[in-house]
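Dear colleague,

I am passing on the structure we spoke about, and below it I have set out what was found. Please read the notes with the model open beside them.

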Number of protein chains: 2
Amino acid sequence: MTSKNDSYHHGNLRDSLIDVAIEILQAEGKSGIKMREIGKRIGVSQSAAYRHFSDKSALLAAVATRGFDKLTDELRTVRNSQYSSLVEQVEQMGVIYIIFAVEHAAQYRLMYGTEAIRSDEYPELAQATRNMAREYFRMVKRCQEAGLMKGQSPIELLNVMWSATHGAAMLVIDGFIKTDDVEQFARNVVNYVDTGIRKL
Amino acid sequence: MTSKNDSYHHGNLRDSLIDVAIEILQAEGKSGIKMREIGKRIGVSQSAAYRHFSDKSALLAAVATRGFDKLTDELRTVRNSQYSSLVEQVEQMGVIYIIFAVEHAAQYRLMYGTEAIRSDEYPELAQATRNMAREYFRMVKRCQEAGLMKGQSPIELLNVMWSATHGAAMLVIDGFIKTDDVEQFARNVVNYVDTGIRKL
DNA sequence: ACCTAATGTGAACACTGTAAACATACCAAT
DNA sequence: ATTGGTATGTTTACAGTGTTCACATTAGGT
């Protein structure tokens, strides 16, 4: 990865910038991401990045976008894999969501760290976010249409599931909730919440 | 507030620093908090703050601590006010939690923004966090002891409620979930979750 | 082969956190 | 009341970081 001819032009700098930013993010957290450092690692000047991103924020937005895309992929695997029941599928989706967040803690935090980013300024990020939410949404909607769940609108139920999984993820990531078995914890939370929104 | 003799010594600088930081936080968000700006507003030099806080982080930790203390107070009001049923009390607590977060959005974000702060370095912050969680915890525990709720340990249930309310708060604060009636939204989320953890 | 736009460089600027040396005022002990 | 020590505040300066600007190099179409 991060292919580098030693020619004057890099060839694929934009992607490399994002790659390296993610690397640093996972290794050192957001505070480790510095324009100079990124440039140095790629072997390019500190200001080269500004040919591809107007801002550091714009670069971070791209990193967040990547994150949402990846998360969307992971959620999709649940929809495709035929789990036994719809309800099991929703729960599995919630579990996968939390596990993803914990395994990509710094990036996940960045994805939801809107203070620095402001998604309205970054349409691609907004789109990636919507795609992710939609994946989650479809799952809930299918359950509701199958008569398995309460509520008027599926959005209402989505919000409940999303809140619970996002909250659980954040609290674990930031050390407010400690657990040595994330999957078990996730399964537990998701199951309780699911019970709350399901018709019994 | 922020009493200021124009004598050389301020008299209550430490508290003033925190006050002003919170003011800025609410008006402009975290990025508006700058040591120079805080000093300027109080009428003191940029480095005066370093007599009271080792770091900018330490100041932010104090701001977060204040936040948790205030939130704890709000949660306590629920315990004292005699709501009709225990279950209604838990739900009310969740609603208040979310409303507090939304009304103090920037500060709430800071409270949970561990990346910058790292609570192990700030025992007072850690204590304030524990106090808040304990308030929440007691409520759930009382319900469980009254035979109203499922689960082995009340901690398990606390984590579910906490995850859901924290998640809901964050998603609203950061604009991922849009609603024009926060209280209604909060009540809805809390109710679903509560249903999930309750014996019916 | 040439021209233009895209891409990368180097130096410099502004902003911000922070340290160091110095100044002032409060307080306790005499 | 005097005085010395400590807490508190100031000034100056430095270092790190994002960003801009003028310039250099190259890719790619004509």
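Which residues of α4(B) are buried? They are Val90(B), Glu91(B), Gln92(B), Met93(B), Gly94(B), Val95(B), Tyr97(B), Ile98(B) and Ala101(B). Please bear in mind throughout that this is a predicted model. The cover over these buried residues of α4(B) includes α3 (56–80), α5 (105–112), α7 (123–145), α8 (154–173) and α9 (182–197) of chain B. The length of helix α4 of chain B, residues 86–103, agrees with expectation, because 18 residues at 1.5 Å a residue should span 26 Å and the end C-alpha atoms are 26 Å apart.

On confidence, chain A has a mean pLDDT of 92, and 93% of its residues reach 70 or more. Among the elements of chain A, helix α2 (residues 35–42) has the highest mean pLDDT, 98, whereas α6(A) has the lowest, 64. Where pLDDT is low, the predicted coordinates should not be read in detail.

As to the fold, chain A contains nine helices and zero strands, and its C-alpha atoms fill a box of roughly 65 × 35 × 30 Å along the principal axes. Of the 200 residues of chain A, 39% count as buried, and of the contacts in chain A between residues at least 6 apart in sequence, 66% join residues at least 24 apart.

The two chains are related by symmetry: a turn of 180° with a shift of 0.0 Å along the axis lays chain A on chain B with an RMSD of 0.0 Å, which is the relation of a two-fold axis. The contact takes 29 residues from chain A and 28 residues from chain B. On the side of chain A that touches chain B, the elements giving two or more residues are α5 (105–112), α6 (114–117), α8 (154–173) and α9 (182–197) of chain A, and α8(A) gives the most, with 12 residues. By class, that side of chain A has 12 nonpolar, 11 polar and six charged residues. Since 97% of the interface residues of chain A are also interface residues in chain B, the copies meet through the same surface.

Helix α9(A) deserves its own paragraph. Its buried residues are Phe185(A), Ala186(A), Val189(A), Val190(A), Tyr192(A), Val193(A), Asp194(A), Gly196(A) and Ile197(A), and these pack against α4 (86–103) and α8 of chain A together with α8 and α9 of chain B. The 16 residues of α9(A), at 1.5 Å a residue, should span 22 Å, and the end C-alpha atoms are 23 Å apart, which agrees.

The largest nonpolar core holds 117 residues, of which Ala21(A), Val193(A), Ala21(B) and Val193(B) touch the most other members. Leaving aside neighbours within four places in sequence, Val193(B) is in contact with Val160(A), Ala164(A), Val193(A) and Gly196(A), and also with Val160(B), Met161(B) and Ala164(B).

One last residue to look at is Ala126(B), found in helix α7 of chain B. Ala126(B) counts as partly exposed, because 16 C-beta neighbours lie inside 10 Å, where 20 or more would make a residue buried and 12 or fewer exposed. Although Ala126(B) and Thr65(B) are 61 residues apart in sequence, their C-alpha atoms are 8.1 Å apart in space.

With kind regards

Methods. Residues numbered from 1 in each chain as written. Chains lettered and ligands numbered in written order. Predicted model: local features only at pLDDT ≥ 70, side-chain atom pairs only at ≥ 80, totals over all residues. Helix = DSSP H or I, 4+ residues; strand = E, 2+ residues; numbered from the N terminus. Expected span 1.5 Å × (residues − 1). Contact = placed C-beta atoms within 7 Å. Nonpolar A, V, L, I, M, F, W, Y, C, P; charged D, E, K, R; others polar. Least-squares fit on C-alpha atoms with pLDDT ≥ 70 in both. Core = buried A, V, L, I, M, F, W, Y, C linked by C-beta atoms within 7 Å. pLDDT = per-residue confidence, 0-100.
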